[in-house]
Amino acid sequence: MEKVIDESVQGSTLTLESNQGNTRKLYIESYGCQMNFSDSEIVASILSKQGFDTTNVLEDADLVLVNTCSIREKAETTVRKRLEKFNAVKKTKPHMKVGVLGCMAERLKDKLLEEEKIVDMVVGPDAYKDLPNLIQEIDEGRNAVNVILSKDETYGDVAPVRLNSNGVTAFVSITRGCDNMCTFCVVPFTRGRERSRDPLSIVAEVNDLWKKGFKEVTLLGQNVDSYLWYGGGLKKEFEKASEIQKATAVNFAGLLEMVALAQPKMRIRFSTSNPQDMTLDVIETMAKYNNICNYIHLPVQSGSNRILKAMNRLHTREEYFELIANIRRILPDCAISQDMIAGFPTETEEDHRDTLSLMEYVKYDFGFMFAYSERPGTLAARKLKDDIPSETKKRRLREIIDLQQKHGLYRTQQHLGKIEEILIEGSSKKSEAHWMGRNSQNTVVVFPKENFRVGDFVNVRINDCTSATLLGEAIGYTANN
């Protein structure tokens, strides 16, 4: 639940320019969070060197891959339906091979490969470098599987291709795995323990993106604030590091500063933060550099201390309030968004009211809200009965969403009359005559096109708003162009 899932891109087919000499076709669909879409870029980069060009026509493919998510039941159901479709096509193209990548592969490896026999290949999120060997296995008529979770794989040495990119914004993975054993979450079991990428490889990737014309990067991880590089290895083994390793270690605030200094005109964002790990030095670094955006995605999941404890969230309601107060003090115009779960096992009406009162205190700019769904393999599934009736979950979720929409409008109204720097990402979904971009706070801004172009930084006067979108008019370029 920590990860943001953009429903508008689920199942996207990724394509890039053909490479001369490549003779095979790869069709790859992605589901889930930004980490999965970033991983698909790594997979395409590896396979392009193995003779595969991408295609968005399923029937043309020699190899079909689906990069999967296990975080919500809906995602797994969707993927299963897609696998049925792939196998129907495969009956008319016997040489076509089908593989499952990512979190679902890690969790359902035996079921998919041996019991149901619906795929040829199962590859976990730490095994993508083994794809050339696995493809050779399936080419020779054998099923192939590698779901071993690594202690050190970060793909820091793989330059990902940018698939279906707008050429303006890009994601850069900085960590893999997670050590926070939230009882509702499958991530530690599907992506393994937490490890961080070499900061120099991250800065090199950011510099390369700048040279290619990108104007904004989002540093990506399950929990970016716990980033810690001390020469490699698991974060939980840091205490065994040498004194010189500890003295020269780079934490997330240090990495943020390195990236901000490397490209002063490039916008820097990050996601996702965990309240228990976000420290004052991160907030102070954000305030120090203008190119670090004033936006923090800070999932809380519940406003009730009793439920937070049941979720194994290692922060209390009061500690969360203190963190919010520090953000407001150091970064007064910082936008904050949330993840919230309605109907976690044993949740009472009082617990639900605690969630609503926490939302009233913070007044989030936007949020990602879900009714609890039990995920097999999690501690909650093993230890807690899913005892909240579906109708109760739906009603509580509706109340959370309604309150968030009220707060969203309150926050967007605070931008009215201001002149804000917007990075143009593309045409508005609703009108070809308007551009769409985002301000520092990650709010979507729409304004008439005039003579500007994608990738321009433009000053826009905000004249109107909805609960999620700002409407304005451009008044000229900013100094960042």
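Which strand is Ser-271 found in? Select Ser-271 and you will land in strand 14, residues 267–271. Keep in mind throughout the tour that this is a predicted model.

**Stop 1: Ser-271**

Stay on Ser-271 for a moment. Is this residue buried or exposed? Its relative accessibility is 8%, and anything under 20% counts as buried, so Ser-271 is buried. Now add Thr-272 to the selection and show side chains: a polar contact of 3.0 Å joins the side chains of Ser-271 and Thr-272. Next, pick Asn-223, which sits 48 residues away from Ser-271 along the chain. The C-alpha atoms of Asn-223 and Ser-271 are separated by 7.4 Å.

**Stop 2: helix 8 and helix 9**

Select residues 252–262 for helix 8 and residues 280–288 for helix 9. The two helices pack at an angle of about 15 degrees, with their axes 8 Å apart. Angles under 35 degrees count as roughly parallel, and helix 8 and helix 9 are therefore roughly parallel to each other. The crossing of helix 8 and helix 9 is right-handed.

To see where they touch, show the side chains on both sides. Helix 8 brings Phe-252, Ala-253, Leu-256 and Glu-257 to the meeting. From helix 9 come Asp-281, Val-282, Thr-285, Met-286 and Lys-288.

**Stop 3: an open sheet of three strands**

Now colour strand 15 (295–297) and strand 17 (366–371), then add strand 16, residues 335–342. Together these three strands form an open sheet in the order 15-16-17, with parallel pairing. Why do strand 15 and strand 17 each have one side without a neighbour in the sheet? Both stand at the edges and have a single partner strand each, so one side of each is left free of a neighbour there. Neighbouring strands of this sheet are turned by 10 degrees against each other on average, ignoring direction.

Zoom in on the pairing of strand 15 with strand 16, where three bridges hold the parallel match. One pair to pick out is His-297 and its bridge partner in strand 16, Ser-337.

Before leaving, select residues 390–413, which make up helix 14. Helix 14 lies across strand 16 and strand 17, and runs at about 175 degrees to strand 17.

**Stop 4: helix 11 and helix 12**

Next, select residues 317–330 (helix 11) and residues 349–362 (helix 12). How do the axes of these helices cross? They come within 11 Å and cross at roughly 15 degrees. Helix 11 and helix 12 are therefore roughly parallel to each other, and their crossing is right-handed.

Among the helix 11 residues that meet helix 12 are Arg-317, Tyr-320, Phe-321 and Ile-324. Helix 12 residues in this meeting include Asp-354, Ser-357, Leu-358 and Tyr-361.

**Stop 5: the barrel**

Move on to a closed barrel of five strands, which runs 18-19-20-22-21 with mixed pairing. The twist from one strand to the next averages 55 degrees.

Begin with strand 18 (residues 419–427) and strand 21 (residues 457–465), which pair in the antiparallel sense over five bridges. Look for Glu-421, which stands opposite Asn-459 in strand 21. Asn-459 also has a bridge partner in strand 22, namely Gly-476. Strand 21 and strand 22 run antiparallel and are joined by seven bridges. These two strands form a hairpin with three residues between them.

Continue to strand 19 (residues 434–438) and strand 20 (residues 444–448), an antiparallel pair with five bridges. Met-436 stands opposite Val-446, and Arg-438 stands opposite Val-444. In the hairpin of strand 19 and strand 20, there are five residues between the strands, and Asn-442 takes a positive phi near 75 degrees.

Strand 20 also runs parallel to strand 22 (residues 469–477), with three bridges joining them. Here, Val-445 has Leu-470 as its bridge partner in strand 22.

**Last stop: Pro-448**

Finish in strand 20 by selecting Pro-448. With 31% relative accessibility, Pro-448 counts as partly exposed. Leaving aside residues up to four places away in sequence, Pro-448 touches Ala-433, His-434, Trp-435, Gly-472 and Glu-473. For a final distance check, pick Met-436: its C-alpha atom and that of Pro-448 are separated by 9.1 Å, with the two residues 12 apart along the chain.

Technical notes
Residues are numbered from 1 along each chain as its sequence is written. This is a predicted model: local features need pLDDT of at least 70, side-chain atom pairs count only at pLDDT 80 or more; totals for chains, interfaces and linings use all residues. Side-chain values use heavy atoms; hydrogens and water are left out. Two strands pair if DSSP finds at least two bridges between them. Helices (H or I, at least four residues) and strands (E, at least two) are DSSP runs, numbered from the N terminus. Axes are lines fitted to C-alpha atoms, for helices over the stretch in contact, and angles run from 0 to 180 degrees between N-to-C directions. Contact means heavy atoms within 4.5 Å. Buried means under 20% relative accessible area, exposed over 50%, partly exposed in between (1.4 Å probe, protein chains only). A polar contact is a pair of N or O atoms within 3.5 Å; within protein, one must be able to donate a hydrogen and the other to accept it, and residues adjacent in sequence count only if both atoms are side-chain atoms. Angles under 35 degrees count as roughly parallel, over 145 as roughly antiparallel, 65 to 115 as roughly perpendicular and the rest as oblique. A crossing is left-handed if the near helix is turned anticlockwise from the far one by less than a right angle, and right-handed if clockwise.
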